[in-house]
Amino acid sequence: MRTEAIEFIGSQGTLLAARLDLPDGPPLSYALFAHCFTCTKDIFAATQICSELTRHGIAVLRFDFSGLGHSEGDFSNTNFSSNLDDLVAAASWLKQEYEAPRLLIGHSLGGAAVLASAHRLPEVKAVATIAAPSEPSHIAKQFTAVTAEIEMHGEAEVYLAGRPFRIKKQFLEDIAKHTLADRIAHLNRALIVFHAPGDTIVGIKNAGQIFSAAKHPKSFISLDHADHLLRRRQDADYVAQVLAAWVTRYL
């Protein structure tokens with residue numbers, strides 16, 4: 001795998017950091033990877049999945065959403081809407097510099113983001129979600145303990161994966177206004193849903209709701225004992241290998 005460090009302008013006019021993972025030969029197609037909430041492009045699952053996809057000839061652009069990882073911006077001023085705009089900006093950069101992505105991959109809230117933004121990317125032929133919530137508002141469950149504080153003071157600090165993040169009221173208001181059922185029903189792309197039955201962060205019922213709302217062609221892959229972040233190498237590799245085999249039918 002060859003990796004190129006990339007920067008492009010995101011939704012808030014700031015530079016977003018990205019990596020373009022390339023196969024050894026000419027790419028058969030290009031994909032775009034959206035990472036999980038408060039994660040980065042360099043999280044283990046993203047790195048492993050993108051690396052494995054390059055072995056199957058698929059180039060993958062993965063980037064840090066505004067305010068996360070090596071990207072510029074203030075995370076507390078971002079929301080689901082800005083994530084969608086960041087994702088579209090990434091696809092636009094890829095189209096301008098190389099080729100439009102034909103596969104979207106989203107992990108956790110990134111999965112909700114690719115479902116919500118696919119209609120804005122006409123070249124996309126297939127969408128893959130990994131441990132995705134069926135609605136972005138699901139993420140509010142992680143802030144239950146400070147919801148009253150956010151409502152009263154307009155913001156609060158929360159700890160996610162051991163790190164502090166400032167969540168503002170505008171974030172909760174933004175995720176509440178986005179609904180995915182209609183977007184999924186009118187996706188008009190091939191869809192594959194990866195989810196672990198024992199996922200304790202985003203329950204398996206979310207996968208059922210996504211799958212039920214979608215029209216064919218659609219597929220569901222159980223990840224058995226995988227955790228939400230796919231920390232085990234064999235789980236991340238399995239997702240990549242199944243995804244690479246599945247997507248060739250549609251690219």
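User: Looking at strand 10, which residue is the bridge partner of His195?

Analyst: Ser222 is the one that bridges to His195. Keep in mind that this is a predicted model. The general idea: strands of a sheet pair through backbone hydrogen bonds, either parallel or antiparallel. Here, strand 9 (residues 190-195) and strand 10 run parallel, joined by five bridges.

User: What is the strand order of the open sheet, then?

Analyst: Its eight strands go 1-2-4-3-5-6-9-10, and the pairing is mixed. At the edges sit strand 1 (2-9) and strand 10 (218-222), each pairing on one side only. On average, neighbouring strands are turned by 20 degrees against each other, direction ignored.

User: And which strands does helix 2 touch?

Analyst: Helix 2 (residues 80-97) packs on the sheet and touches strands 1, 2 (15-22), 3 (29-34), 4 (58-63) and 5 (103-107). Its direction makes about 120 degrees with that of strand 1.

User: Where does helix 8 lie?

Analyst: Helix 8 (residues 233-247) lies across strand 4, strand 5, strand 6 (126-130), strand 9 and strand 10. Against strand 9, helix 8 runs at about 165 degrees.

User: On to empty space: what is the volume of the largest pocket?

Analyst: Rolling a probe the size of a water molecule over the atoms shows where empty space is left. In this model, the largest pocket comes out at about 430 Å³. It is lined by 22 residues, and the closest to its centre are Phe37, Ala161, Ile201, His228 and Leu229.

User: How many residues of each class are in that lining?

Analyst: Nine are nonpolar, eight polar and five charged.

How values were computed. Residues are numbered from 1 along each chain as its sequence is written. This is a predicted model: local features need pLDDT of at least 70, side-chain atom pairs count only at pLDDT 80 or more; totals for chains, interfaces and linings use all residues. Side-chain values use heavy atoms; hydrogens and water are left out. On a 1 Å grid over the protein atoms alone, a cavity is a set of points where a 1.4 Å probe fits but cannot get out, and a pocket is an open set with protein on both sides within 12 Å along at least five of seven lines; lining residues have an atom within 4 Å of a point. Grid points are joined across faces, edges and corners, and a volume is the space filled by probe spheres set on the points. Ala, Val, Leu, Ile, Met, Phe, Trp, Tyr, Cys and Pro count as nonpolar, Asp, Glu, Lys and Arg as charged, and the others, Gly among them, as polar. Two strands pair if DSSP finds at least two bridges between them. Helices (H or I, at least four residues) and strands (E, at least two) are DSSP runs, numbered from the N terminus. Axes are lines fitted to C-alpha atoms, for helices over the stretch in contact, and angles run from 0 to 180 degrees between N-to-C directions. Contact means heavy atoms within 4.5 Å.
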